[in-house]
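Student: Could you take me through one part of this structure up close? I'd like to see how two helices sit against each other, and what goes on around them.

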Amino acid sequence: MDILGWSLVVILFLVGMAGAVYPVLPGALAIYGAFFVYGFFFGWSEFGFWFWTIQTIVVVVITVADYAVGALGVKKFGGGRASVWGSTIGLIVGPFVIPAFGLLIGPFLGAVLGELLVGTKPLPAMKAGVGALVGLFTSTVAKFVLQAAMIVVFVVWII
């Protein structure tokens, strides 16, 4: 049973880290779920109030920052609400429509189309698309670092 428990924990960690890059995967929630799997298989004694407080705060920060950083990138490059919505939709739909490059093209095109639909001229709309990419890259790096920190805290905590 130990092998099964650790296998599930590691798989959830890998899914979580992949979720930092691929938005359809649960990301931080998969890593958070791995803590519960560990508890069910090996016991809860290692975890306490501070472990759960730290990890929950990190999950909330990741969730809020994921949207906020992307939106900030779009807004810093002159985009509005339509480009924020468009980039978010493009981020979700893009990888399915264009499997190899949809993760990059989707948010860009979504932001551009969102701006064009509300009457923005093409050049500022393209600038908003670039902002969507900047926000995406920044958000991805932040999620990757914070999710890796969640795993490190877990490992240090149980040792």
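Tutor: Let's start with the whole chain and then zoom in on one helix pair. This is a predicted model, where local features need pLDDT of at least 70 and side-chain atom pairs count only at pLDDT 80 or more, while totals for chains, interfaces and linings use all residues. Residues are numbered from 1 along each chain as its sequence is written, and side-chain values use heavy atoms, with hydrogens and water left out.

The chain has six helices and zero strands; helices (H or I, at least four residues) and strands (E, at least two) are DSSP runs, numbered from the N terminus. The C-alpha atoms fill a box of roughly 60 × 30 × 20 Å along the principal axes. Of the 159 residues, 39% are buried, where buried means under 20% relative accessible area, exposed over 50% and partly exposed in between (1.4 Å probe, protein chains only).

Now for the close look. Two packed helices are described by the angle between their axes and the distance between the axes. Helix α2 (residues 28-42) packs against helix α6 (residues 122-158) at about 15°, and their axes are 9 Å apart. That angle makes α2 roughly parallel to α6, a label for angles under 35 degrees (over 145 is roughly antiparallel, 65 to 115 roughly perpendicular, the rest oblique). The axes are lines fitted to C-alpha atoms, for helices over the stretch in contact, and angles run from 0 to 180 degrees between N-to-C directions.

Who does the touching? On the α2 side it is A28, I31, Y32, F35 and Y38, and on the α6 side Q147, M150, I151, F154 and I158; contact means heavy atoms within 4.5 Å. Sorted by class, this contact has nine nonpolar residues, one polar and no charged ones. Here Ala, Val, Leu, Ile, Met, Phe, Trp, Tyr, Cys and Pro count as nonpolar, Asp, Glu, Lys and Arg as charged, and the others, Gly among them, as polar.

Helix α6 also holds K143. K143 is buried, at 10% relative accessible area. Setting aside neighbours within four places in sequence, K143 is in contact with G19, A20, I62 and D66.

One more residue to find is V69, in helix α3 (residues 49-76). V69 is partly exposed, at 22% relative accessibility. V69 and G135 are 66 residues apart in sequence, yet 5.6 Å apart in space, C-alpha to C-alpha. Again leaving out neighbours within four places, V69 is in contact with G135, T138 and S139.
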